[in-house]
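Here are my notes on this one, in the order I'd go through it. Have the model open while you read.

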Amino acid sequence: MNARTQRRTVTHRLGDEWLMAYAAGTLSEGQSLLVASHLSYLDDAATRLATAEAAGGALVEALRPDTMSPDALARTLALLDAPAPAPRAAHALPGDPLPPPLRAWLGGKSVDELPWSYLGPGMKKVKLWRGGPNDQRLWMLRAAPGVKIPEHGHSGTELVLVLKGSLEDPHGIFHTGDVEECDGSLSHGLKIGGEEECICLAVTEGPTRFKGWIAKLLQPFIGL
């Protein structure tokens with residue numbers, strides 16, 4: 001079912017700091033795409049963005065002049081003049097779980113048309129983008145029901161948006177539209193829900209750091 005027609009309560013939402021950065025256009029391409037995709041699941045997305053923009057404007061006005069760099073005003077005005085990221089509209093594909101912003105970025109491709117490659121038993125991946133600060137990687141995971149992903153950590157922030165199915169980690173259970181956010185200090189394992197396959201969109205910083213020796217040996221072939 002398409003993201004615009006599949007409505008449920010999104011429990012795990014991105015914080016306002018992400019929405020403020022998104023509205024200001026200061027996120028990387030990968031981060032912006034994940035945030036836009038997450039917002040497509042929220043009925044109050046427009047309200048939340050407007051609130052974030054207002055909060056960002058208030059913070060700019062509250063800064064003391066002596067704390068601002070000489071070119072701060074020019075840079076702020078440039079951000080205000082720049083349009084907020086707005087992915088092109090995409091037509092709904094019945095039965096496809098990709099949210100409209102992601103499908104538009106992919107040129108209208110469906111999830112089954114992507115070049116999936118082997119990641120591990122019951123798991124596939126597709127790498128979409130790499131760049132931005134801290135060697136960010138935008139990629140997708142497709143995992144069979146009940147699969148356990150080995151314990152691992154990251155060099156920085158990890159954002160995982162669930163597009164289909166569910167997954168569980170120490171923070172809780174994440175369903176369609178939910179975002180799991182971790183920082184580089186956390187090491188965790190993931191378990192895919194047992195009812196249906198899980199498809200996720202992820203932005204990670206730096207290479208994944210696996211704990212088990214087998215996973216470490218496979219790291220060069222994983223490429224994440």
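1. Of the protein's 224 residues, 46% come out as buried (under 20% relative accessible area with a 1.4 Å probe, protein chains only; exposed is over 50%, partly exposed in between). Bear in mind that this is a predicted model, where local features need pLDDT of at least 70, side-chain atom pairs count only at pLDDT 80 or more, and totals for chains, interfaces and linings use all residues. Numbering starts from 1 along each chain as its sequence is written, and side-chain values use heavy atoms, with hydrogens and water left out.

2. I get six helices and eleven strands, taken as DSSP runs numbered from the N terminus (helices H or I, at least four residues; strands E, at least two).

3. Have a look at helix H1 (residues 16-24): its buried residues are Trp-18, Leu-19, Ala-21, Tyr-22 and Ala-23. Right after H1 comes Gly-25, with a positive phi near 75°.

4. Then there's an open, antiparallel sheet of six strands, ordered S1-S2-S3-S10-S5-S8; strands pair if DSSP finds at least two bridges between them. S1 (117-120) and S8 (179-182) are at the edges with a single partner strand each, so one side of each has no neighbour in the sheet. Ignoring direction, neighbouring strands are turned by 30° against each other on average.

5. Inside that sheet, S2 (residues 123-131) and S3 (residues 136-143) pair antiparallel over eight bridges. Gly-131 has Gln-136 in S3 as its bridge partner.

Technical notes
Axes are lines fitted to C-alpha atoms, for helices over the stretch in contact, and angles run from 0 to 180 degrees between N-to-C directions.
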